[in-house]
Amino acid sequence: MARVFAFHGGIHPPENKTQSSKRAISLAPIPSVLHIPLQQHIGASAKPCVNVGDKVLKGQRIADAQGKMSVPVHASSSGVVSAIANHVVPHPSGMQNLCISITTDGKDQWIEHQGLADYKALSANKLVDYIRDRGIAGMGGAGFPTALKLCLGDDHIVNTLIINAAECEPYITSDDLLIRERATQIIAGIDVLQHLIKPSHIIIGIEDNKPQACKALEDAIKGCKYAIDVVSVPTKYPSGGEKQLIKLLTNVEVPHGGIPADVGIVCQNIGTVYAINRAVYFGESLISRIVTVTGRAIAKPQNFEALIGTPFDTLLEAAGQKEHVTKRLIVGGPMMGYSIDTSAVPVIKTTNCIIAASAEEFPEAEPAQACIRCGLCEQVCPAQLLPQQLHWFAKSQEYDKAQQHNLFDCIECGACSYVCPSNIPLVQYYRHAKTSIREEAEDKRKSDIARERFEAKQMREQRAIDEKAAKRKERAEQAAKAQAEKKAAAEKQAKEPATTESDSGSGDLKQLKIAAARANTKLKKAQQALKSALEKSLPGTDILENTIIELQVQAEQAQAALDLATNGSSESKTKTATPLKTKTAVTNADTSKLATVDLKSLKTTAAIARTKLKKTQAQLDVLISEGEQQSDEAQQLAQLIISLNERVQATQASYLQAKECAPVIDESEQLQANYDKALALYTKANTALQKAEEQNSPAVEKMRLSIDKLNTRLSNAEAALKSAANPASDNSANNTTPNTQE
């Protein structure tokens, strides 16, 4: 027989268990609608795998687990999925969470299922996965996924398995009735745990106020092949706490921040063991649990086997609730439970008790008063904390100090609040402090992630800047190297004897081509700038016009120099017997070209001066029409018109003088040039048309029209050329006409 030890603190509140333990477990009615929450345990919520309108059967999976810290959810009865939406769930805040609502069909039809013929033939991992897939989580506390307790690493060697059947909370009798009626199945569930964990010792801890349950367990373990003891512990709250029960049964303390497995112990609730039995031997998922319905506002206090998702009002109605007497609805026991505002809350896997209390049974709490430092809270704290200090730290939001005083070791049993003579709700302060600390930790985690992302971004940007700088440095070095090579080549060329005239001429020709291209580019940019300024009525157009005139002259001069060099280089390569005569001819031709270029630039300058004069005169006319001829602006425009008029006369005179002095260009040469140009355009257009027709281009019709125009132009040029070449025939034709008429 195992020895019983003691733990620090604890209290003895009224038990109030006999009211609900007189009747056997009853099957709860199947409600018309089941609201099954997707999160009924610690960890991540399950993800729905059904859609609204789907027909489901009892035991069918309707939501998949999301990670190891999660379990799947199954349909509690057959019916149709009517909604997947938020619904009120058991929580002190009255919060809502995502639920799958099933409109039941009343048939309660199971999906095909069967247990394992020989679970011992499976490996431990496969058996644990099988238990996880049946949605089993802890049914006595916060709902810790059972598979995680069974899948321990090599660093945890378990020598003791403790089955928690203490059920120390007042009013609750669900485990008591479960043990009385189904002790054999509980021992069968312990067999599965013994096979998985292989402990050297198994202890079932139960309070001594449950003699019938103790006897049922002792009878059921007779003939067991492994070491198992049923240990009756003194009735004291909270002996059902995990760490407190371990201390009672083994005298071992779980270290701060640790778990029982760290000291070689695994603890499972008696209801969880029963659920494992149903899963392994019958293939049933966790879709129901035993719920105590009690309180003075209940006519028939008892325990129901209720489907997960059953609304509380279904159970209260089955137990005969006196609504006019009901003052408060409490989920759980009076010590660790909480009040709810609506009976539409559904049963979940951790729901073990519903108390419909009258006003006399649970009167309103008296107003809190100042702490008198009596020390009673410290004396009853089962975790050996300093509740008074924690209260001050939580109230002043000194959360760092609260954590230093092991705030998270508090199991929120409520013993300190129960004995406080000042009626201070100590547990509420602790819960608020824990929530705030968790929120701060989460905010810090998010902030750290954001900071890391920002630093990574900065590193990427800096790396890009460094790479660009390195590339610029490399290009600069290459440019400097090329410049040095070019300079060295120039120095070498200067030292060497001059090459042929044609070689030097090709270098000059290249420079002239570059100069002509640059001049044309600058001219086009200036023209675009002038056009944009005129469209937007921007100031400074006169400066742009002057600039365009200068650029036009520069471009034409550069082109003339290029043409001269081109003709000179081509003629220099031609071997003739009279080089002196050829050079003279080239000089004369180039002189005529330069004269033509200068004449054209003078004509453009005169036209621009006339245009600007007209615009200025128009601006002055507008001011005169508005009666502002005496304004400063009008006077300035009048002065500008005088200067522009002088400029127009000067540019026009220069143009006329240059026109008179310009050399006469041979008409036949001009006509021949026009003909050659028209022929080239026609040939080019005809070639493009043929390609377009081969490719079935949609622009063929437009191209044909253009070719017709070019053909006409070519015909006119050809006729003009022939007419200039045979003037005698034209004269004779003119002379014969009157003779014919005579």
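Begin the tour by selecting helix H12, which contributes the largest share of the lining of the second largest pocket, 4 residues. The model on display is a predicted one.

**The second largest pocket**

With H12 still highlighted, add the other elements that give two or more residues to this lining: strand S15 (328-331), strand S16 (338-340) and helix H11 (415-419), alongside H12 (426-495) itself. Next, select Arg-328, Pro-334, Phe-362, Ala-365 and Ser-417, the residues that lie nearest the centre of the pocket among the 30 that line it. The space in the second largest pocket amounts to about 1,200 Å³. Colouring the lining by class gives 17 nonpolar, 8 polar and 5 charged residues.

**Strand S17 and its partners**

From S15, proceed to strand S17, residues 353-357. How many of the residues of S17 are buried? The strand is mostly covered, with 5 of its 5 residues buried. In a regular strand, side chains point alternately to the two faces of the sheet. On one side of S17, select Cys-353, Ile-355 and Ala-357; on the other, select Ile-354 and Ala-356; both faces are covered, and these residues are all buried.

Now display the partners of S17. S15 pairs with S17 in the antiparallel sense over 4 bridges, and Val-331 has Ile-354 of S17 as its bridge partner. Strand S13 (residues 288-294) runs parallel to S17 and is joined to it by 3 bridges. To view this pairing, select Thr-294, which stands opposite Ile-355 in S17.

**The nonpolar cores**

Turn next to the largest nonpolar core, which has 45 residues; Ile-163, Ile-190 and Ile-204 touch the most other members. The elements that each supply at least two residues of this core are helix H1 (124-133), helix H2 (146-150), strand S9 (160-164), helix H3 (174-197), strand S10 (201-207), helix H4 (211-220), strand S11 (228-233) and helix H6 (270-282). Which of them should be selected for the largest share of this core? That element is H3, which provides 11 residues.

Centre the view on Ile-204 and show its surroundings. Apart from neighbours within four places in sequence, Ile-204 is in contact with Ile-163, Ala-165, Ile-187, Ile-190, Leu-217, Ile-228, Asp-229, Val-230 and Val-231. A second, separate core has 35 residues, including Leu-34, Ile-100, Ile-102 and Ile-340.

**Val-56 and its contacts**

Ile-102 leads to the next stop, as it is one of the residues that Val-56 touches. Select Val-56 in strand S4, residues 55-56. Is Val-56 buried or exposed? Its relative accessible area is 2%, so Val-56 counts as buried, the cut-off being under 20%. Leaving out residues up to four places away in sequence, the contacts of Val-56 are Val-50, Ile-62, Ala-75, Ser-77, Ser-78, Gly-79, Val-81 and Ile-102. Draw a distance between the C-alpha atoms of Val-56 and Gly-79: they are separated by 5.6 Å, although the two residues are 23 residues apart along the chain.

**A three-stranded sheet**

For the final stop, select strands S3, S5 and S6, which form an open sheet of 3 strands in the order S3-S5-S6, with antiparallel pairing. Strand S3 (47-48) and strand S6 (73-74) are the edge strands, each pairing on one side only. S3 and S5 (residues 61-64) run antiparallel and are joined by 2 bridges. To finish, select Pro-48 together with Ala-63, its bridge partner in S5.

Key. Residues are numbered from 1 along each chain as its sequence is written. This is a predicted model: local features need pLDDT of at least 70, side-chain atom pairs count only at pLDDT 80 or more; totals for chains, interfaces and linings use all residues. Side-chain values use heavy atoms; hydrogens and water are left out. On a 1 Å grid over the protein atoms alone, a cavity is a set of points where a 1.4 Å probe fits but cannot get out, and a pocket is an open set with protein on both sides within 12 Å along at least five of seven lines; lining residues have an atom within 4 Å of a point. Grid points are joined across faces, edges and corners, and a volume is the space filled by probe spheres set on the points. Ala, Val, Leu, Ile, Met, Phe, Trp, Tyr, Cys and Pro count as nonpolar, Asp, Glu, Lys and Arg as charged, and the others, Gly among them, as polar. Buried means under 20% relative accessible area, exposed over 50%, partly exposed in between (1.4 Å probe, protein chains only). Two strands pair if DSSP finds at least two bridges between them. Contact means heavy atoms within 4.5 Å. A nonpolar core is a set of buried Ala, Val, Leu, Ile, Met, Phe, Trp, Tyr and Cys residues joined through side-chain atoms within 4.5 Å.
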